[in-house]
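Colleague: I should be grateful for a close look at a single part of this model, set in the context of the whole. Please explain the terms as you go.

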Amino acid sequence: MNSLEAVLTRYKDFWIVGLKYTMWITVASILIGIVLGLLFAIMRIYGNRFFKAIAVAYIDLIRGTPMIVQLFILYYGLGSTGIVKFTPLQAAIIGMGLNSGAYQAEYFRTAFLAIPTGQTEAALSLGMTRVQLIFNILLPQVIRIVLPSWTNELIALTQYSSLAMVLTVMELTAVSKYVGSKTFLYIQAFSVAGVIYLFVSVVLTRLMVYFENRLSIPGVSAQKLRI
C-alpha cells in the first residue's frame, strides 16, 4: 500500500465526514445568503430612507471586514458574553450566511437595475402593487440574470468553508490537517483535500450551468453575455 492509498483508505470515514460538513456549510450558508441578499437588495432599491440606510450599513459592514473576524465575533465574542452560545457549526453557517448575504444583495441589486424601467412603469400603470411588481414581474427575470453570480458565490463558499476549521469544525481542510498530523504525510493529505475541493467545484459549476440553460429565455438570461 503506497502512502496515498494509506491516507485515503485508513481515514476514509474522516474524509466522508469532512465532505459532509463542507457541503452542509456551503449549501446552508448560500441559502441564508440568498434570503438576506434579496431582502437587503429590495430594501436598498425600493425602501424608504431608513431601510436604505440599514441595507447600506449592513452591506458596508460585512464587506468591509474579514470573514474570519466575523466568525470569531460570532463564536468567541458572543459566546464570551453568555447571551448567545453557538456551536462551532452553527457559528460557521450563520457567519458565512451573513457574509454571503451582503455580497448577494449587490448581485440582486445589479440584476434588478438591469431590467428596463419600462416594465416597472407599465406594471404600475396597470394597477399592480409594488409587491406584485417585484415578485410577479421582476423577480423571475432577476433570478435568471443572477444565476452566474450564484455560481461564483457557490464556488467561493465551498472554498471559504475551510475557514470553519478555526472554529474546530471538522470539514475537509481540518480533516486533511488531522490526517497529516497522524501520518506525517502532509502533502498527500492536503492533496486529497484539494482534489475533493476541485471535484466539488466542477460538479457545482456544471450543475449551475445546467440550470442556467434550462431557465434561459431570450433577452433575459446572462447566457448571451458569455464569450
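Modeller: Accessible areas are obtained by the Shrake-Rupley method with a 1.4 Å probe, and for residues only the protein chains shown count as cover. On that basis the chain has an accessible surface of about 12,400 Å², and 69% of it belongs to carbon and sulfur atoms. The model is a predicted one: local features need pLDDT of at least 70, side-chain atom pairs count only at pLDDT 80 or more, and totals for chains, interfaces and linings use all residues. Residues are numbered from 1 along each chain as its sequence is written, and side-chain values use heavy atoms, with hydrogens and water left out.

The chain contains nine helices and zero strands; helices (H or I, at least four residues) and strands (E, at least two) are DSSP runs, numbered from the N terminus. Its C-alpha trace spans about 70 × 45 × 25 Å along the principal axes. Of its 227 residues, 40% count as buried, a term that means under 20% relative accessible area, whereas exposed means over 50% and partly exposed lies in between (1.4 Å probe, protein chains only).

The part I have chosen is helix H3, residues 49-63. At 1.5 Å a residue, its 15 residues should span 21 Å, and the end C-alpha atoms are indeed 21 Å apart; the expected span is 1.5 Å times one less than the number of residues. The buried residues of H3 are Ala 55, Tyr 58, Ile 59 and Ile 62. Seen down the helix axis, these buried residues fall within an arc of 95°, so they line one face of H3; the arc is that of the directions from the helix axis to the C-beta atoms. Their cover includes helix H2 (12-46), helix H4 (67-81) and helix H5 (88-114). On the face turned away from the buried side, H3 carries the exposed residues Arg 49, Phe 50 and Leu 61.

Phe 50 also figures at the start of H3, where a side-chain oxygen of Asn 48 reaches to within 3.1 Å of its backbone nitrogen.

Helix H2, which helps to cover H3, holds Thr 26. At 0% relative accessibility, Thr 26 counts as buried. Leaving aside neighbours within four places in sequence, Thr 26 is in contact (heavy atoms within 4.5 Å) with Leu 154, Leu 157, Thr 158 and Ser 161.

How values were computed
A polar contact is a pair of N or O atoms within 3.5 Å; within protein, one must be able to donate a hydrogen and the other to accept it, and residues adjacent in sequence count only if both atoms are side-chain atoms.
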